[in-house]
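Visitor: I would like a close look at a single part of this model, with some account of what surrounds it. Please start with the chain as a whole.

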Amino acid sequence: MFKKSRKKIVAAIMSILTLLWVGTLCVIYISSYFELTAINREMLREHAEQYMPEKPMGGAFESMKPFPDRGPHFDTKQFKLSTFYSVTLSYDNTVIEIRNDDAAVYDDAELESAARQVLKKSDESGMIGNLVYYRMDKGGYVLVSFMDNTIIRESMNTLFRYTLIFGGVAIVALYFLAEYLAKRIVSPLEESYQKQKQFISDAGHELKTPVSVVSANAELLFREIGDNQWLQNIQYENERMGMLVGQLLELARTESVIQQTECVDFSRLVAGEALPFESVAFEKGLILNSNITNGICVEGNGNQLKQIVSILLDNAVRHSKEQGEVLLTLTKEQGYAKLSVVNRGSEIPTEQREMLFERFYRADEARNGEDKHYGLGLAIAKAITQAHHGKIEVSCYDGKVCFTVHIPKI
C-alpha cells in the first residue's frame with residue numbers, strides 16, 4: 001500500500017517537473033526563434049527600402065519610390081555584419097540585376113531560382129529553405145531580398161540539444177530527489193500504520209486469555225446453577241467477543257506474517273468451498289449457482305484463498321434479496337484467475353465502495369454486531385488478495401452487486 005503511495009507521489013512530482021521543463025523549453029525555443037526570425041525580416045525590409053540598383057536601364061526606374069527614413073536596425077552592428085542577397089526583376093519577370101556579395105554560399109542561379117519561387121507566392125515575406133526573403137515593389141521593378149538563416153537555425157538547434165542533455169540529467173537527479181522526498185513523506189504514515197497493526201495484534205492476544213477464562217467460568221456456572229438468563233447473556237456476549245478477537249488476530253496475521261505458498265488448484269479449491277454454502281443459501285431461499293473453469297492454478301496459500309471464497313460467499317448470502325440467486329464464477333482473464341461473486345442487492349453508493357474494504361466499516365448504519373459480523377471480513381479478504389499480488393473490487397449493475405478478485409495464475 002505504502003509502496004504504491006510512494007510511486008504515486010514520485011509520479012506526481014516527476015510529471016509536474018517534466019511538464020514545467022518541457023513547457024519552459026518550448027516557450028524559450030519558440031519565442032527565441034521567432035523573435036530572431038522577426039528581426040531578420042525587419043532588417044530585410046529596411047534593406048529593401050534602402051536598396052538602389054547599380055545599373056538602371058533607360059527609364060525603367062523613373063517611377064521608383066524615394067528613400068524612406070532609415071529604420072531602427074540600419075545602423076546596428078548586426079545589420080552591418082549581415083549578408084544580404086538581392087534579385088531585381090522587371091514586371092515581365094526578366095532578371096535585371098543579381099547582387100551576390102558572397103557567391104561562395106549561393107551562386108547567382110540559385111538566387112534567381114529562389115526569387116522566381118518567391119514571385120509565385122502570395123506572401124511578401126517568408127522562408128525558402130534556409131533563406132529568409134522579403135519582396136517589395138519598388139515602382140518599376142520588383143526587388144526580392146534574401147538573408148541566410150542557417151546560423152540562427154544551427155544556434156537554436158544547439159541550444160535545444162544542450163538544453164535536452166542538461167535538462168535530462170537534471171530530471172534524473174530530480175527523480176532521485178523525488179524518491180527521497182516521497183520516502184520522507186510516507187515514512188511517518190507507514191510507521192503509524194505499523195504501530196496500529198501491532199496494537200491490534202497485541203490487543204487481540206491480550207484479550208484472548210480473559211475471553212477464554214470467562215467462557216470457562218460461565219460453563220462451570222451453567223453446570224452449577226443450571227439455565228439462567230444473566231448467564232446466557234454473559235455467554236452470548238463472550239462468544240461475540242471471542243469471534244471479534246479471532247477476526248482481529250486473523251487480520252493482523254494476514255497483514256504481518258509471510259505465509260508459505262505453493263501451487264494451488266484454485267478451481268478445485270473454489271468448488272470445494274462453495275459446497276457448504278449451497279445449503280446455507282437454500283435455507284435463506286436462495287440458489288447458489290457455480291460456473292468454474294477447470295484447471296486454473298495459482299501460487300498462494302490454500303487456507304487464505306479458502307478464506308477469500310468463504311468471505312465473499314458469506315457476504316453475498318447475507319446481503320442477497322429473498323428468492324434471488326448467488327452466482328459464483330471462476331475464469332481465466334489475461335494472466336489472472338478471476339473470481340466473481342454476484343448477488344441481487346441494493347446498489348452501493350460509489351463513495352462507499354472503496355470504504356467497504358476498510359476495517360470495521362459496514363454499509364448499514366446499524367453496526368451493532370448482532371449478526372456476529374464486525375466489518376472485518378472484507379478487510380481480511382483485501383489483505384489476503386494483496387498478499388497474493390492481486391486486487392479486489394466491487395461494482396453494481398442492474399440491481400446486482402458483484403465482488404471480483406484477480407489473482408495472478410500460473
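What share of the contacts in the chain with a separation of 6 or more comes from residues 24 or more positions apart? After that, please take helix H7 (residues 302-319) and follow the chain outward from there.

Guide: The model is predicted, and every value below is computed from it. Residues 24 or more positions apart account for 68% of the contacts with a separation of 6 or more. The chain has 410 residues, of which 36% are buried. Its secondary structure comes to 9 helices and 12 strands. About 24,300 Å² of the chain is exposed, and 56% of that area is supplied by carbon and sulfur atoms.

Now to the helix you asked about. Two packed helices are described by the angle between their axes and the distance between the axes. Take H7 with helix H6 (residues 266-283): their axes come within 10 Å and cross at roughly 35°. This crossing is right-handed. On the H6 side, the residues in contact are Phe266, Leu269, Val270, Glu273, Ala274, Phe277, Val280 and Ala281. They meet Gly302, Leu305, Lys306, Val309, Ser310, Leu313, Asp314 and Val317 of H7.

H7 also packs with helix H9 (residues 377-387), at an angle of about 145° and with the axes 9 Å apart. The crossing of H7 and H9 is left-handed. Here H7 contributes Gln304, Gln307, Ile308, Ile311, Leu312 and Asn315, while H9 contributes Gly377, Leu378, Ile380, Ala381, Ile384 and Thr385. An α-helix has 3.6 residues a turn, so residues three or four places apart point the same way. That spacing can be followed in H7: Ile308, Ile311 and Asn315 are among its residues that touch H9, whereas Leu305, Val309 and Leu313 are among those that meet H6.

How much of H9 is covered? Its buried residues are Leu378, Ala379, Ile380, Ala381, Ala383, Ile384 and Thr385. Leu378, Ile380, Ala381, Ile384 and Thr385 are also in the contact with H7.

Past the end of H9 comes His389, in the loop between H9 and strand S11. Most residues other than glycine have a negative phi, and most peptide bonds are trans. His389 has a positive phi of about 60° although it is not a glycine. At 66% relative accessibility it counts as exposed, because the cut-off for that word is over 50%. Elsewhere in the chain, Asn93 also has a positive phi, near 70°. Asn93 sits in the loop between strand S1 (84-89) and strand S2 (95-100), and its relative accessible area of 41% makes it partly exposed.

Beyond the loop after H9, strand S11 covers residues 391-397 and includes Ser395. Ser395 is partly exposed, at 29% relative accessible area. Leaving aside residues up to four places away in sequence, Ser395 touches Arg353, Lys400, Val401 and Cys402. Its C-alpha atom is 8.7 Å from that of Thr350, a residue 45 positions away along the chain.

Arg353, one of the residues that Ser395 touches, leads to another kind of pairing. Side chains of opposite charge can pair when their charged atoms come close. Arg353 forms a salt bridge with Glu347, and their closest N and O atoms are 3.5 Å apart. The two partners are covered to unlike degrees: Arg353 is buried, with a relative accessible area of 17%, whereas Glu347 is exposed at 60%.

How many salt bridges does the count come to? It comes to 7. Another of them joins Glu333 and Lys338, with 3.4 Å from N to O. Both of these residues are partly exposed, Glu333 at 32% and Lys338 at 24%. In the salt bridge between Glu97 and Arg99, the closest N and O atoms are 3.3 Å apart, and both residues are buried.

The path from H7 thus runs through its contacts with H9, past the loop that holds His389, to Ser395 in S11, and from there to Arg353 and its salt bridge with Glu347.

Note on methods: Residues are numbered from 1 along each chain as its sequence is written. This is a predicted model: local features need pLDDT of at least 70, side-chain atom pairs count only at pLDDT 80 or more; totals for chains, interfaces and linings use all residues. Side-chain values use heavy atoms; hydrogens and water are left out. Axes are lines fitted to C-alpha atoms, for helices over the stretch in contact, and angles run from 0 to 180 degrees between N-to-C directions. Helices (H or I, at least four residues) and strands (E, at least two) are DSSP runs, numbered from the N terminus. A crossing is left-handed if the near helix is turned anticlockwise from the far one by less than a right angle, and right-handed if clockwise. Contact means heavy atoms within 4.5 Å. Buried means under 20% relative accessible area, exposed over 50%, partly exposed in between (1.4 Å probe, protein chains only). Accessible areas come from the Shrake-Rupley method with a 1.4 Å probe; for residues, only the protein chains shown count as cover. A salt bridge is a side-chain nitrogen of Lys or Arg within 4 Å of a carboxyl oxygen of Asp or Glu.
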